[in-house]
Amino acid sequence: MTAIGFTETEALINHQIDVAMTFIDNEPVQSEALGHPVNVLPVSNYVKLVGSGLVTSTTMANRHGKVVTAFVRATL
């Protein structure tokens with residue numbers, strides 16, 4: 001195993017790694033946009049994992065509720 005931080009796309013393109021566990025809608029899209037096709041195996045086909053979520057502070061929600069609401073609506 002090799003620690004690469006948040007550099008999956010670069011590490012794959014530069015052949016530093018052969019496989020990366022990453023977000024299906026980010027790094028594969030970036031890699032293909034750069035002309036480097038990849039094979040994607042959706043883990044969700046095999047394992048139920050907790051998905052990504054939105055996190056904010058109480059202060060942000062209280063002071064900027066309209067911004068938080070707009071962000072959630074845009075995400076949906």
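Does H15 count as buried or exposed, and at what relative accessibility? In this predicted model, H15 counts as exposed, because its relative accessibility is 69%, and the cut-off for that class is over 50%. The residue belongs to the loop between helix 1 and helix 2. Its backbone also deserves attention: H15 has a positive phi of about 60°, although it is not a glycine. Most residues other than glycine have a negative phi.

With this residue as a starting point, the chain as a whole may be considered. The secondary structure of the protein chain consists of four helices and zero strands. Read from the N terminus, the order of the elements is α-α-α-α. The radius of gyration of the chain is 17 Å, whereas the globule rule gives 11 Å for 76 residues; the value is well over that figure, so the chain is more spread out than a compact globule. Taken along the principal axes, the box filled by the C-alpha atoms has dimensions of roughly 45 × 25 × 25 Å.

Two further values describe the chain. Of its 76 residues, 11% count as buried. Among contacts with a separation of 6 or more, 8% are accounted for by residues 24 or more positions apart.

Individual residues show what burial looks like in detail. T9 lies in helix 1. Its relative accessibility is 3%, and therefore T9 counts as buried. Once its neighbours within four places in sequence are left aside, T9 is in contact with E27, Q30, S31 and L34. With one of these residues, Q30, there is a polar contact: the side chains of T9 and Q30 are joined at 3.3 Å.

Another of the contacts of T9 is S31, which has its place in helix 2, residues 27-33. S31 counts as buried because its relative accessibility is 3%, below the cut-off of 20%. Apart from neighbours within four places in sequence, the residues in contact with S31 are T9, I13, H36 and V38. What does the side chain of S31 reach at 2.6 Å? The partner is the backbone oxygen of H36.

A different setting is found at V47, in the loop between helix 2 and helix 3, the latter spanning residues 58-63. Here the relative accessibility is 41%, so V47 counts as partly exposed. V47 can also be used to relate sequence to space. V47 and V19 are 28 residues apart in sequence, and their C-alpha atoms are 18 Å apart in space.

The remaining topic is the empty space around the atoms. Rolling a probe the size of a water molecule over the atoms shows where such space is left. The largest pocket has a volume of about 870 Å³. Its lining comprises 28 residues, and those that lie nearest its centre are A20, M21, T22, L41 and V43. Helix 1, residues 8-13, and helix 2 are the elements that give two or more residues to this lining. How many residues of each class does the lining of the largest pocket have? There are 16 nonpolar, seven polar and five charged residues.

Technical notes:
Residues numbered from 1 in each chain as written. Predicted model: local features only at pLDDT ≥ 70, side-chain atom pairs only at ≥ 80, totals over all residues. Heavy atoms only, no water. Buried < 20%, exposed > 50% of the residue type's maximum accessible area, 1.4 Å probe, protein only. Polar contact = N/O pair within 3.5 Å; in protein donor to acceptor, adjacent residues only side chain to side chain. Contact = heavy atoms within 4.5 Å. 1 Å grid on protein atoms, 1.4 Å probe; cavity = no way out; pocket = protein on both sides within 12 Å on 5 of 7 lines; lining within 4 Å. Points joined across faces, edges and corners; volume = space filled by probe spheres on them. Nonpolar A, V, L, I, M, F, W, Y, C, P; charged D, E, K, R; others polar. Rg over C-alpha atoms; globule rule 2.2 N^0.38 Å.
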